[in-house]
Amino acid sequence: MIRLEITRDNKKEFEDSIAIDQMKRSVTELVGYVFRECSFPAGCLIMTGTGIVPGHGFTLRSGDEIKISIDNIGMLVNLVS
């Protein structure tokens with residue numbers, strides 16, 4: 001499961017989740033595409049985005065905290081400056 005949470009002034013402004021299998025392409029397909037033309041002897045990172053998008057009226061603000069977590073991988077936390 002991929003989860004996105006946006007907190008503003010210690011209050012959840014947005015929260016949603018999506019199953020990993022709802023990605024348009026499989027992880028295997030993405031890896032195959034990346035390594036088709038290039039080699040990465042030390043490895044590489046593939047960033048897919050979350051597949052979760054807040055509504056049209058939502059805009060990030062300075063001080064917002066964004067948490068993106070993926071089961072069995074971990075969590076990325078960013079602060080908007």
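Colleague: How far apart are the mean positions of the positive and negative charges of the chain?

Modeller: In this predicted model, the mean positions of the 9 positive and 11 negative charges are 3 Å apart.

Colleague: Which elements make up the chain, and in what order do they run?

Modeller: The chain has one helix and four strands. Starting at the N terminus, the order is β-β-α-β-β.

Colleague: Why is the chain called more spread out than a compact globule?

Modeller: The globule rule gives 12 Å for 81 residues, whereas the radius of gyration is 15 Å; this is well over the rule, so the chain is described as more spread out than a compact globule. Along the principal axes, the C-alpha trace spans about 45 × 25 × 25 Å.

Colleague: What share of the residues counts as buried, and how much surface does the chain expose?

Modeller: A residue must fall under 20% relative accessible area to be buried, and 17% of the 81 residues count as such. The chain exposes about 6500 Å², of which 53% is supplied by carbon and sulfur atoms.

Colleague: What part of the contacts joins residues 24 or more positions apart?

Modeller: Such pairs account for 46% of the contacts in the chain with a separation of 6 or more.

Colleague: What makes β3 and β4 a pair of strands?

Modeller: The criterion is at least two bridges between the strands. Strand β3 (residues 65-70) and strand β4 (residues 74-79) have six bridges, in the antiparallel sense, so the criterion is met. Among the facing residues, E65 stands opposite L79, and I70 stands opposite G74. The two strands form a hairpin with three residues between them.

Colleague: How do you know that β1 and β3 pair, and in which sense?

Modeller: The same threshold of at least two bridges applies. β1 and β3 share six bridges in the antiparallel sense, and therefore they count as paired. One of the bridge partners is K67 in β3, which is matched with E5.

Colleague: What makes the phi of N72 notable, and where is this residue placed?

Modeller: N72 has a positive phi of about 65° although it is not a glycine. Most residues other than glycine have a negative phi. N72 lies in the loop between β3 and β4, in the turn of their hairpin.

Colleague: Why is N72 called exposed?

Modeller: The cut-off for an exposed residue is over 50%. The relative accessible area of N72 is 85%, so N72 is classed as exposed.

Colleague: What is the phi of N10, and in which loop is N10 found?

Modeller: N10 is not a glycine, yet its phi is positive, at about 60°. N10 is found in the loop between β1 (2-8) and β2 (11-18).

Colleague: How do you know that N10 is exposed?

Modeller: With a relative accessible area of 82%, N10 satisfies the condition of over 50% and is therefore exposed.

Colleague: Why is S17 called partly exposed?

Modeller: The partly exposed class lies between the buried limit, under 20%, and the exposed limit, over 50%. S17 has 36% relative accessibility, so S17 counts as partly exposed.

Colleague: Where is S17 found, and which residues does S17 touch?

Modeller: S17 is found in strand β2. Residues up to four places away in sequence aside, S17 touches M1, I2, R3 and I52.

Colleague: How far apart are S17 and S39 in sequence and in space?

Modeller: S17 and S39 are separated by 22 residues in sequence and by 33 Å in space, C-alpha to C-alpha.

Technical notes:
Residues are numbered from 1 along each chain as its sequence is written. This is a predicted model: local features need pLDDT of at least 70, side-chain atom pairs count only at pLDDT 80 or more; totals for chains, interfaces and linings use all residues. Side-chain values use heavy atoms; hydrogens and water are left out. The radius of gyration is taken over C-alpha atoms; the globule rule is 2.2 Å times the number of residues to the power 0.38. Buried means under 20% relative accessible area, exposed over 50%, partly exposed in between (1.4 Å probe, protein chains only). Contact means heavy atoms within 4.5 Å. Accessible areas come from the Shrake-Rupley method with a 1.4 Å probe; for residues, only the protein chains shown count as cover. Lys and Arg count as positive and Asp and Glu as negative; His and the chain ends are not counted. The place of a charge is taken as NZ of Lys, CZ of Arg, CG of Asp or CD of Glu.
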